[in-house]
Amino acid sequence: MRMKLSIIAGAVALATAMTSAPPPAAAQDSIYIPLFTYRTGPFSGSGIYIAEGMRDYLEMLNQRDGGIGGVKLQLEECETGYDTKKGLECYEAVKDKKPVVINPWSTGITLPLIPRAAVDKIPVLSMAYGLSAAAVGDTFPWIFNPPATYWDGGSMILSYIAGKEGGGPEKLKGRTIGYIYLDAGFGKEPIPLFEQLSKDYGFTLKLYPVAGTEMQNQSSQWLNVRRDKPDYMIMYGWGALQPTAVKEAVKINYPMDKFISIWWPSEDDAAAGGDGSKGFKVLNWHAVGADFPAIADIKKHVTDKNLTQTDKNHIGKVLYNRGIYNSILIAEGIRNAQKLSGKKVVTGEDVRRGLETLNIDAARYKEMGLEGFAGPVKLTCQDHNGHFATYMQEWDGTKWVRLPGELKAMTDKVNPLLEAAAKDYTDKAGNWPKRTEACDKAS
Amino acid sequence: MFYREAGQFKTSYEVDAAVFPIRQDRIGIALILFIAFVVIPLTATDFVISVLLVPFLILSLAAIGLNILTGYTGLLSLGTAGFMGVGAFACYKLTTYFPNVNIVIWIFVSGFFASAVGVLFGLPSLRIKGFYLAVATLAAQFFLDWAFIRVQWLTNYNTSGAIEVPTRTLFGMPLTGPNAAPEFRYLVVLSFVAAMTWFASNLVHGRIGRMWMAVRDMDLAAELIGIRLLPTKLLAFAISSFYCGVAGALMVFLWYGSAEPAVFNIDQSFTILFMVIIGGLGSLIGSFFGAGLIYGLPIIMRFIVNLFGWQITPATVEHFTFMTVGGLIILFLIIEPAGLARLWQIAKQKLRVWPFPY
C-alpha cells in the first residue's frame, strides 16, 4: 500500500513540476535556433539528409568561428516525424525560448505557423516549400521562402520541356503532359498554374494524384500513364513517393529522360530504379558534392570529431547540401541582423529584418568557402522569395550531372497568380493585419 | 477509510439512480472541475495548456463519441476521423458563409452535420455486425478522406488544399486565430467537454443508454424485449458522430488553427479506437484515461528526458517513446483487459475498505 501511495505522490509531484516549472531560460549569450527535423517516420528517407546538413553547417560555425559574430548558436532539434500535430507541439515547446527563426520542413506545419509568426514575432523560413503566396512580403512580412516557389518550379520545368522541343513555350502546343503528385497541399498547389498554362499554350494536362497513404502503391497511376502515353511526366513528391514513382516508371518503360521532378528527389530515390532510371531529371539550385572549403571544414570540425550523428557517406549528397543551403540562409540572416541592429545577441525581430535584406552574392559565397555553391540570393521587403533561376540535373546511374543552361521562372505568368493567391488568403483569413514592420535599406 | 459510504442512505429511487451516488465522488468531481476551471487557467503555462490539456480534452471528447458507439452499443467503427473531419469542414463552411454568427454556435451546429453523415453510414449496421460493420465504416473513412482532398468546395478552393481558420471572437476576445489566448481557448474547450460529458453521462445512465447496452449484449434478446433495433443503432450512430464532429471542429478551430485533410486520415481513427480500448469500452471516464495515456504519455516522456537533461538525440527519444508506449499498451491489456477504467474501479473498491482489506 505504501508503495502505491508513493507512486501517487510521485505522480502528483511530477504533475506539479510540469505545470509550474518555468520554461528553461535560454542563455543570454547565445542565439537559440530550433531545428524541426524528422529522422523517423515515412518521410525520414528525405528528412535525415536535410537534418544532417542543416545541423552540421551551423555546428561547424560554432566549432570553427565560435558561432556568428562571436555569439554561440544554441541548436536544438525537435523531432516532428513530418506530423503536423508533433510540429505544433515542437513550436509550442520552443516558442518561449526566444527562437530567432523557425524552419518547419513541412508544408502542413508551415500553414498553421503563418498567422502566428507575426503575433509571436518569430520569422518562419520555409525554404522553397510552404505557401507560395508567402513570397509577397507586404502581406507576409514574417514568412520567407527563397529561392523559388513551387509555381516558379512548375513554370521552369515547362520551359525546360519547351526548350527540349526546340523553342519557346509555344512549342508545348498539342503535347500531353502528365503530372504525378502527392495529393496534399504541396502537390496540389501548382495545379492552378499548370491549368492556366495549359490553356495559354495549348497542351493537355493529365493529373495522377497519389494519396499520402498510398505512396508506395502507385501501380494504378502508372497503368494510366501507360494508357495515356503523356509526352512528359512531371513529379512533385516527397518521402517514399519518389523512389516508388521512379521504380514504376522504369517498370512500364517510360522514357526516363522525359520524367522531370521538382527539387526533392535524393540520390537514393533516383537509384531506386536501378540502371533503368538513367536520364531521370530533377530541378536543383545548388551544387552537389563535397568539393568546397566550407564542407571540408564540416568534416574537419564536426564529423571527424564525432560531434554529430551524420553518416559520413551522406556528406555532399544533394539533400545534405540542401540542408546546408537552408543553414546558410539562417546564418546569413543572423549575420545581417547583427549588422542592422548593432546587437550581438539578436532576436526574432532582428532576424526578420536580416532575412528581408538578405544579399548573398558571389563574393560572399567565396568568403564563406562556398564559391559557386549556389546562385546569389537577394531579398527585398516586397519579394520574400526572389524567384531565382535553377538548373536541371540528370541522373547518370551513380550521381547527379548538371545540365548546361539556367532555367528562369515565367514570372509574367506566376506573379499575377501569386498576388491573387496572397489576396485570396488575406480575404479568407479576415482581419489580416496590415504590414506595420518598417522596411530596412539593404546593408 | 477516506472513501466509505457508511451513513449515506438512499431514500428514493432518484437518489439510487444518481450518477454519483456517493458523497465522496461528488466532492471529488467538484474538486476536479474546480481545478480544471479555476486553478489550471491561473497557474499552468501556455505550453501545458496548448500542447497537453487542449488536445487531451478534444481527443477525450472524440473518444467519448466513439465509446458511445463501440463501447455502449457494441458497433465497431473505424470512421471516427472521417466524422471528425465532417464536423471540422462543416464548421469551416458555415463560418465562412455566415461570419457574423458566433463561432461557438457553429462548432455546436457542425456536430449535426457529422450526425447526418454518421446516420447515413450507420444504415448498414442493421444487417451487419462486428468485423463486417468495421469494414463498412472503413468505407466511410475512405470516402470522407477522399472527399476532403478532392472536393475543393469544402476548402473554399484554397490552393493549399487546407482549411485556414479565420479569427473569430467570443465576448469581444479572439477565440480562434493567432491572437487567441491559450487560457481562453482552453476554457471554451473545457466547457464544451464538460457539458457534453455531463450530457453523455445522463444518456448512458438513462433509458437510451440501457437500450444501447441491451443491443450490445445481445441484439436478438433486445429485440424480443421490445427494443427497435434500427432506431436504437442509428441513434447511437447519430450521437456518436455528433460528438466526433464537435471534437473535429474544436480540433481544427481551437487547437491546430489550420488543417490539411491528412489530419483526418485513418491513423486518427485508429488512435481514437485505441484510446477507447485502452481506456475501457463502455466507460466515460475510461475515454479520458485512454486519451491521457495515448496522447499524453509520449509528451510526458519527452518532457522527462528534457527534465533530466539526458544527452539523447530527439530521434532516439522518438523511437524509444514508440517502443515504450507500445509496451505499456500491451502491459495494461495483460493486467486489465477491460481497460484503465476497470483498474480505476478496482482502486476505488480497494480504497473503500482501506486500511482493513479483507
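A salt bridge is a side-chain nitrogen of Lys or Arg within 4 Å of a carboxyl oxygen of Asp or Glu. The exercises below apply this and other definitions to a predicted model, in which local features need pLDDT of at least 70, side-chain atom pairs count only at pLDDT 80 or more, and totals for chains, interfaces and linings use all residues. Residues are numbered from 1 along each chain as its sequence is written, chains are lettered from A and ligands numbered from 1 in the order in which they are written, and side-chain values use heavy atoms, with hydrogens and water left out.

**Exercise 1. Salt bridges within helices**

Task: Describe the salt bridge between A:Glu356 and A:Arg352, and then the one between A:Lys423 and A:Asp427.

Solution.
Step 1. The side chains of A:Glu356 and A:Arg352 form a salt bridge with an N to O distance of 3.1 Å.
Step 2. Both residues belong to helix 13 (residues 348–356) of chain A, where they are four residues apart and thus separated by about one helical turn. Helices (H or I, at least four residues) and strands (E, at least two) are DSSP runs, numbered from the N terminus.
Step 3. Accessibility is judged as follows: buried means under 20% relative accessible area, exposed over 50%, and partly exposed in between (1.4 Å probe, protein chains only). A:Glu356 is buried because its relative accessibility is 1%, and A:Arg352 is buried at 2%.
Step 4. In the second pair, the closest N and O atoms of A:Lys423 and A:Asp427 are 3.0 Å apart. These two residues are four residues apart in helix 15 of chain A, so about one helical turn separates them.
Step 5. A:Lys423 is exposed because its relative accessibility is 53%, whereas A:Asp427, at 48%, is partly exposed.
Step 6. A network of salt bridges with shared partners joins A:Glu332, A:Arg335, A:Arg364 and A:Glu367.

**Exercise 2. A salt bridge between two helices**

Task: How many residues apart in sequence are the parts that A:Lys413 and A:Asp200 tie together?

Solution.
Step 1. The side chains of A:Lys413 and A:Asp200 meet in a salt bridge of 2.8 Å, N to O.
Step 2. A:Lys413 lies in helix 15 of chain A and A:Asp200 in helix 7 (residues 191–201) of chain A, so the pair links parts that are 213 residues apart in sequence.
Step 3. A:Lys413 is partly exposed because its relative accessibility is 23%. A:Asp200 is also partly exposed, at 35%.
Step 4. Over all chains, the whole structure contains 27 salt bridges.

**Exercise 3. The two domains of chain A**

Task: Describe the contact between domain 1 and domain 2 of chain A.

Solution.
Step 1. Chain A is divided into domain 1 (30–148 + 288–379) and domain 2 (150–284 + 391–410); the domain bounds come from an automatic or database domain assignment.
Step 2. The contact (heavy atoms within 4.5 Å) takes 21 residues from domain 1 of chain A and 21 residues from domain 2 of chain A.
Step 3. The two domains of chain A bury about 1800 Å² between them, with carbon and sulfur atoms giving 59%. Buried area is the accessible area (1.4 Å probe) that two parts lose on being put together, summed over both.
Step 4. On the side of domain 1 of chain A, the most area is lost to domain 2 of chain A by A:Ser132, A:Ala148 and A:Arg322, together 26% of what that side buries.
Step 5. Between the two domains of chain A there are zero salt bridges.

**Exercise 4. The interface of chains A and B**

Task: How many residues of chain A are in contact with chain B, and how many of chain B with chain A?

Solution.
Step 1. The contact joins 37 residues of chain A to 41 residues of chain B.
Step 2. Chain A and chain B bury about 3800 Å² between them, 61% of it on carbon and sulfur atoms.
Step 3. There are two salt bridges between chain A and chain B. In one between B:Arg150 and A:Asp183, the closest N and O atoms are 2.4 Å apart.
Step 4. Several elements of chain A each supply at least two residues of the side that touches chain B, including helix 1 (2–20), strand 2 (72–79) and helix 3 (84–95). Helix 3 of chain A gives the most to this side, with seven residues.
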